[in-house]
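Me: Please take me through the strands, helices and aromatic rings of this entry. Short questions and dry answers will do.

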Amino acid sequence: MEYIDAKTIVTKTKSREWFGIDYNMNIYKGCCHGCIYCDSRSDCYGIKNFDEVRAKKDALRIIRDDLRRKVKTGVVGTGAMSDPYNPLEKQLLLTRHAMELVDAFGFGAAVATKSDLILRDQDIYSGIQEHSPVLVKITVTTPDEGLAKLLEPGAPPPARRLEALARLSDAGIFAGILLMPVLPWLEDSEENVCAVIERAREAGARFIYPSFGMTLRANQREWYFDRLKEIYPEKGLPDKYMKKYGNQYVCISANAKRLWQVFSERCENYSILYRMKDIIHAYQKRYQVTQLSLFDI
């Protein structure tokens, strides 16, 4: 394990629009899931040797000091740039101990992951939820195990992620699915999107937040195209992408309008949340009521 220097780890977000998160916390750098579409490979982030996971030196002390200095508590998000539950976390326990600090200092937590290792820390999230909001986002873009193995070769299979979702939901933790990205020509079919919704419903998901398309920019685009050539040499997918999207950053599926209609109707029928404002309101609702009541007293 290589350790890298860091002066601060818990940083203020520019906006609370993304799942109501107030602070970002990334303990690790790089990722070993090998997802062929990962936006974090983009040149703009400057992450060298992206497939090698490194941890920030003296991370727990820095996180403790960061939290202690915050004037206002809030929701601490993690998982934006590197999965906090990568395989090395099994031994290092950095995410677990960081969440213990989040709990001790009275903050909430919002976690994004592709790993069922999060179940190990269910006790901590239940403890945080006693005083602050907790949101768990598990990425599932297809329930097809064969396709997922090609697109996300190092990540736990979808069945394990969905089982983790079910167990977290059963424990009363506000958990759901990130349905993103939905890759054009590979995942943007009604059959695939509806299959994700059905599996999410069975697992007790409180929400599904989608993006019917993907991002592509420098370095990420080249990496993605090279992987497509290896996996589907006969389909000519890179040429299709370039013909339709060129060098666009946001690549919206040609089926997006129809997918959104089908997706939203089915989520409404199942009482699954899917709009950002509704998700934020639902997982933070009871804490806001409590805070207002205390203020009134």
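Reply: Helices (H or I, at least four residues) and strands (E, at least two residues) are runs assigned by DSSP and numbered from the N terminus. This is a predicted model in which local features need pLDDT of at least 70 and side-chain atom pairs count only at pLDDT 80 or more, while totals for chains, interfaces and linings use all residues. Residues are numbered from 1 along each chain as its sequence is written, and side-chain values use heavy atoms, with hydrogens and water left out.

Me: In what order do the seven strands of the open sheet lie?

Reply: Strands pair if DSSP finds at least two bridges between them. Pairing in this open sheet is mixed, and its neighbouring strands are turned by 25° against each other on average, direction ignored. The order is E2-E3-E6-E7-E8-E9-E10.

Me: Which two strands stand at the edges of this sheet?

Reply: Each edge strand has a single partner strand, so one side of each is left without a neighbour in the sheet. The strands in that position are strand E2 (10-12) and E10.

Me: How many bridges join E6 to E7?

Reply: On the other side of E6, two bridges join it to E3, which runs parallel to it, with Asn-24 opposite Gly-77. Towards E7, the bridge partner of Val-75 is Gly-108. E6 and E7 run parallel, and the number of bridges is four.

Me: Which residue of E8 is the bridge partner of Ala-109?

Reply: E7 and E8 run parallel and are joined by five bridges. In E8, the partner of Ala-109 is Val-134.

Me: Which residue in E9 stands opposite Thr-139?

Reply: Strand E8 (residues 134-139) pairs with E9 in the parallel sense over four bridges. The residue opposite Thr-139 is Leu-178.

Me: How many of the six residues of E8 are buried?

Reply: Buried means under 20% relative accessible area, exposed over 50% and partly exposed in between (1.4 Å probe, protein chains only). Val-134, Val-136 and Ile-138 lie on one side of E8 and Leu-135, Lys-137 and Thr-139 on the other, and both faces are covered. E8 is therefore largely enclosed by the rest of the structure, the buried count being six of the six.

Me: Which residues of E6 point the other way from Val-75 and Gly-77?

Reply: In a regular strand the side chains alternate between the two faces of the sheet. In E6, Val-75 and Gly-77 point one way and are buried. Pointing the other way, and buried too, are Val-76 and Thr-78.

Me: At about what angle does helix H3 run to E7?

Reply: Axes are lines fitted to C-alpha atoms, for helices over the stretch in contact, with angles from 0 to 180 degrees between N-to-C directions. Helix H3 (residues 94-104) lies across strand E3 (23-25), strand E6 (75-78) and strand E7 (108-113). Its angle to E7 is about 155°.

Me: Which elements do the buried residues of H7 pack against?

Reply: The buried residues of H7 are Asn-192, Val-193, Cys-194, Val-196, Ile-197, Glu-198 and Ala-200. Contact here means heavy atoms within 4.5 Å. These residues pack against H6, E9, E10 and helix H10 (256-270).

Me: How are the rings of Phe-174 and Phe-207 arranged, stacked or edge-to-face?

Reply: Rings of Phe, Tyr and Trp (its six-membered ring) pair if their centres lie within 6.5 Å, with planes under 30 degrees apart stacked, over 60 edge-to-face and the rest tilted. The whole structure holds 18 aromatic pairs. Phe-174 and Phe-207 are both buried. Their rings are 5.8 Å apart centre to centre with 15° between the planes, and the pair is stacked.

Me: How far apart in sequence are the parts that this pair ties together?

Reply: Phe-174 lies in the loop between helix H6 (158-170) and strand E9 (175-179). Phe-207 lies in the loop between helix H7 (190-202) and strand E10 (208-210), so the parts tied together are apart in sequence by 33 residues.

Me: Which of Trp-185 and Tyr-241 is buried?

Reply: The ring centres of Trp-185 and Tyr-241 are 5.0 Å apart and the planes stand at 75°, so this pair is edge-to-face. Trp-185, at a relative accessible area of 37%, is partly exposed. At 1% relative accessibility, the buried residue is Tyr-241.

Me: Over which ring does the charged end of Arg-41 sit?

Reply: A charge sits over a ring if NZ of Lys or CZ of Arg is within 6 Å of the ring centre and within 35 degrees of the ring normal. Lys-12 lies over the face of Tyr-23, at 5.5 Å from the ring centre. For Arg-41, at 3.8 Å from the centre, the ring is that of Trp-223.
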